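This briefing goes through one chain by topic, beginning with a single helix and then turning to the chain as a whole and to one loop residue.

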Amino acid sequence: MIGRINHIGIATPDVEKEAENWAQLYGAIDAEPAFDLPEQGVRVKFVNLPNSQLELISPLTPQSPIAKFLEKNPKGGQHHICFEVDDIIQARNAMVERGAKVLGDGNPRIGAHGVPVIFVHPVNSGGVLVELMQQPKGH
Ligand code: CO
């Protein structure tokens with residue numbers, strides 16, 4: 001079974017501007033420095049909340065999946081929800097057995113938190129792109 005919500009992914013043309021918006025509008029001022037994740041074609045900035053995080057994501061290249069998302073949603077929008085799992089390989093295998101579509105080649109990739117993740121196609125989850133993320137050991 002999936003565990004706690006780790007973060008909500010929000011696509012935006014500019015992670016710094018969007019972080020500023022969340023700070024001013026909602027008082028969510030605990031933002032981490034932005035960083036690039038070239039393997040996934042994205043720039044990421046985390047905003048820490050009491051029980052979770054926002055993951056603000058902007059495209060690094062025109063080929064980025066986030067660039068395609070922003071073509072359809074130019075001002076940005078909710079992109080994915082990330083849940084924690086104990087074991088990413090077990091979770092991947094369970095998804096495949098249950099007939100869900102795991103994105104990419106099906107192998108976990110290292111995500112923005114430095115731990116392996118997979119993405120499950122929105123068609124399997126009421127139109128919501130779901131990220132499953134392995135919890136770091138000792139968490
Ligand atoms: Co994410």
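Which residues of H1 are buried? In this predicted model, the buried residues of H1 are Val15, Glu18, Ala19 and Ala23. Seen down the axis of H1, these buried residues fall within an arc of 140°, so they line one face of the helix.

**Helix H1 and its surroundings**

- The cover over the buried residues of H1 includes strand S3 (42–48) and strand S4 (53–59).
- On the other side of H1, Lys17, Gln24 and Leu25 are exposed.
- Helix H1 comprises twelve residues (residues 15–26), which at 1.5 Å a residue should span 16 Å, and the C-alpha atoms at its ends are indeed 16 Å apart, in agreement with that expectation.
- At the start of H1, a side-chain oxygen of Asp14 comes to within 2.9 Å of the backbone nitrogen of Glu16.
- Just after H1, the backbone at Gly27 adopts a positive phi of about 70°.

**The chain as a whole**

- The chain contains three helices and eight strands, and their order along the sequence follows the pattern β-α-β-β-β-α-β-α-β-β-β.
- With a radius of gyration of 15 Å, close to the 14 Å that the globule rule gives for 139 residues, the chain is as compact as a globular protein of that length.
- Along its principal axes, the C-alpha trace of the chain spans about 45 × 35 × 25 Å.
- Of the 139 residues in the chain, 44% are buried.
- When contacts in the chain are restricted to residues at least 6 apart in sequence, 53% of them join residues at least 24 apart.
- The accessible surface of the chain amounts to about 8000 Å², and carbon and sulfur atoms account for 55% of that surface.

**Asp105 and its loop**

- Asp105 sits in the loop between helix H3 (88–97) and strand S6 (109–110).
- The relative accessible area of Asp105 is 63%, and because a residue counts as exposed when that value is over 50%, Asp105 is classed as exposed.
- A polar atom of the Asp105 side chain lies 2.8 Å from the backbone nitrogen of Asn107.
- Asp105 and Ile118 are 13 residues apart along the chain, and their C-alpha atoms are separated by 9.9 Å.

Key: Residues are numbered from 1 along each chain as its sequence is written. This is a predicted model: local features need pLDDT of at least 70, side-chain atom pairs count only at pLDDT 80 or more; totals for chains, interfaces and linings use all residues. Side-chain values use heavy atoms; hydrogens and water are left out. Helices (H or I, at least four residues) and strands (E, at least two) are DSSP runs, numbered from the N terminus. The expected span of a helix is 1.5 Å times one less than its number of residues. Buried means under 20% relative accessible area, exposed over 50%, partly exposed in between (1.4 Å probe, protein chains only). The arc is that of the directions from the helix axis to the C-beta atoms. Contact means heavy atoms within 4.5 Å. A polar contact is a pair of N or O atoms within 3.5 Å; within protein, one must be able to donate a hydrogen and the other to accept it, and residues adjacent in sequence count only if both atoms are side-chain atoms. The radius of gyration is taken over C-alpha atoms; the globule rule is 2.2 Å times the number of residues to the power 0.38. Accessible areas come from the Shrake-Rupley method with a 1.4 Å probe; for residues, only the protein chains shown count as cover.
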